[in-house]
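Grab a coffee and work through these exercises with the model open beside you. Each one sets a task and then walks through a solution.

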Amino acid sequence: AGVTIQAPQLDINTVAAGGGSRLFYESGVFRVGPESAGSHPGPVCYRKNGHLAITDANVVLGRVLPEYFPRIFGEKEDEMLDKESAVAAMAAIADAVNEDVEGGADAKRKTVEDVAMGFVKVANEAMCRPIRALTQMRGLDVSKHTLACFGGAGGQHACAIARNLGMKTVYVHRFSGVLSAVGIGLADVCVERQRPVSLDVEVDAADIEAQLGDLDVEARVELTAKGFSESQIKTVRFLNLRYDGTDVAIMTEQAGEGGPGHVGSRSWSQSFTDTYQREFGFLLEGRRIIVDDLRVRAEGKALDQAGELQEGIEECGGAAGGEARPVEPYAVSTAYFEPRGLQPTAIYLIGNLASSSIEGPAIIIDEISTIVVEPGCTARTDACGNVTITLNDIDAVKVDSTRQDPVQLAVFSHRFMSIAEQMGRVLQRTSVSVNIKERLDFSCALFDRSGNLVSNAPHLPVHLGAMSEAVKYQIKHAETLGSPLKEGDVVIANHPQLAGGSHLPDITAITPVFDNGE
């Protein structure tokens with residue numbers, strides 16, 4: 001008991017929102033998943049008495065075109081995708097939605113396409129949530145990155161997800177539909193050597209350097225035994241660092257030019273403090289930095305980057321995609337895009353698009369995937385069929401905050417929940433309290449300007465009732481004193497009677513958030 005076991009692992013975050021995610025309309029709100037229709041019986045359009053799913057929504061919207069899919073559906077697996085059944089199933093939900101909104105102020109009936117688009121928007125927001133958690137929670141600006149897309153249906157949602165996240169570029173590999181299989185064949189062989197220690201990053205620099213050198217040699221020897229030459233092997237060194245007195249260690253890669261002898265310089269400490277500041281927003285000044293683990297990763301390159309890989313880039317027209325040419329569409333269909341609704345959409349076959357540039361709205365058809373290029377986006381292909389989509393001026397969809405809309409309710413529910421979850425993760429990781437860090441005895445939530453609960457993360461629910469009372473009391477108390485809460489204020493409350501605490505030791509931290517001074 002109390003022994004921490006460490007093992008190398010990949011940090012993979014998944015989300016239950018894909019082509020098979022089932023669609024529900026419950027209590028006036030759209031819901032996508034986590035239940036799945038699976039591959040059998042699958043979505044309604046599979047002709048197996050399946051369940052309404054995201055694939056059906058894309059079929060209804062004209063983004064998945066049955067005539068370009070193989071005839072492998074139905075009981076005998078010899079029929080096309082069934083658009084008519086998907087439309088009928090979506091129409092039943094549209095009737096239920098319109099029944100609820102009829103008679104309301106400024107009530108507007110929703111078409112079948114409106115409802116299908118609503119489900120797609122909710123699914124897209126569910127996909128954005130883990131991306132925000134992986135980036136914004138760690139202090140990274142997601143808008144400065146490129147969205148890499150894979151999976152047969154990933155290209156159908158990539159532009160919308162990039163727009164929601166504020167990203168300007170989407171990259172779709174030629175084999176994105178089978179990228180996992182291709183990746184296994186091209187993956188580097190990796191050997192890791194890790195050793196637990198308890199050293200001071202500055203005081204014990206010489207010892208750290210010597211032990212990292214030993215691990216480096218061990219990793220290289222193993223890769224050499226697997227048939228890799230010295231020129232194919234690359235090693236990267238890491239230290240698992242934390243502040244003295246805390247137990248949040250950050251695996252820190254060696255910075256700068258590096259090499260032996262570089263360990264004792266400020267680069268390790270500076271890399272750690274830069275990451276800590278970015279991730280948590282503060283530093284623990286004056287504390288020693290402790291090394292918990294030494295780690296060396298040796299990679300045996302499956303492709304010689306100076307040879308085969310470079311030749312591949314040149315054959316594809318260069319890293320930038322080469323000179324692009326316009327191309328005529330293979331056909332023209334009709335697809336639904338907000339805010340203009342149904343509109344003519346060009347259809348292109350990926351095999352005809354080498355070194356081409358096309359404007360959205362468009363749909364690129366491949367044997368293993370479908371790529372939707374939304375209006376306001378430009379898709380550029382290289383000689384090998386890799387697609388880079390640039391998001392230009394995109395029509396903004398206005399949000400009416402005075403009208404209840406089941407789609408908006410679901411979308412903002414995801415966004416508010418994501419904020420509350422990120423609050424909890426940061427609190428847990430930065431805390432030195434066993435109650436918070438290990439027992440998870442805390443709760444995080446968002447409240448409106450009156451102190452009413454808007455959204456809470458799935459932490460301990462016992463705090464939530466009292467928390468709202470605490471927020472309301474502090475807002476009223478500040479106004480009574482003639483000094484309303486202003487930007488930059490943080491209120492710490494622990495009065496069990498006046499501030500609404502549920503236990504005597506409870507402490508509530510309240511931070512007002514302002515938008516344009518309000």
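**Exercise 1. Work out whether C377 is buried or exposed, and what its sulfur is doing.**

Step 1: check the surface. C377 has a relative accessible area of 0%, so it is buried; buried means under 20% relative accessible area, exposed over 50%, and partly exposed in between, with a 1.4 Å probe and protein chains only.

Before going on, some ground rules. This is a predicted model, where local features need pLDDT of at least 70 and side-chain atom pairs count only at pLDDT 80 or more, while totals for chains, interfaces and linings use all residues. Residues are numbered from 1 along each chain as its sequence is written, and side-chain values use heavy atoms, with hydrogens and water left out.

Step 2: look for a partner. The structure holds zero disulfides, a disulfide being a pair of cysteine sulfur atoms within 2.5 Å. C377 is in no disulfide, and the nearest cysteine sulfur, on C159, sits 4.0 Å away.

Step 3: try another cysteine. C45 also counts as buried, because its relative accessibility is 0%.

**Exercise 2. Find which residues touch the most other members of the largest nonpolar core, and which helix gives the largest share.**

Step 1: know what you're looking for. A nonpolar core is a set of buried Ala, Val, Leu, Ile, Met, Phe, Trp, Tyr and Cys residues joined through side-chain atoms within 4.5 Å.

Step 2: pick out the hubs. The largest core has 62 residues, and F30, M90, V170, I364 and I389 touch the most other members. Helix α3 (residues 112-135) supplies the largest share of this core, with eleven residues. Helices here are DSSP runs (H or I, at least four residues), strands are too (E, at least two), and both are numbered from the N terminus.

Step 3: look at that helix. Of the 24 residues in α3, 19 are buried, so call the helix mostly covered. From first C-alpha to last, α3 reaches 35 Å, close to the 34 Å expected at 1.5 Å a residue; the expected span is 1.5 Å times one less than the number of residues.

**Exercise 3. Describe how the rings of Y243, F272 and Y276 are arranged.**

Step 1: set the rules. Rings of Phe, Tyr and Trp (its six-membered ring) pair if their centres lie within 6.5 Å; planes under 30 degrees apart count as stacked, over 60 as edge-to-face, and the rest as tilted. The whole structure has eight such aromatic pairs.

Step 2: take Y243 and F272. Their centres are 5.1 Å apart with 70 degrees between the planes, an edge-to-face pair. Y243 belongs to strand β6 (residues 233-243) and F272 to helix α7 (residues 266-280), so this pair ties together parts 29 residues apart in sequence.

Step 3: move on to F272 and Y276. With centres 5.7 Å apart and planes at 45 degrees, this pair is tilted. The two residues are four apart in helix α7, about one helical turn. F272 is buried at 0% relative accessibility, and Y276 is buried at 2%.

Step 4: put the rings together. Ring pairs link Y243, F272, Y276 and F282 into a cluster.

**Exercise 4. Decide whether Q156 and K76 are buried or exposed.**

Step 1: start with Q156, in helix α4 (residues 154-165). Its relative accessibility is 7%, so Q156 counts as buried.

Step 2: turn to K76, in the loop between α1 (54-60) and α2 (83-101). K76 has a relative accessible area of 71%, so this lysine is exposed.
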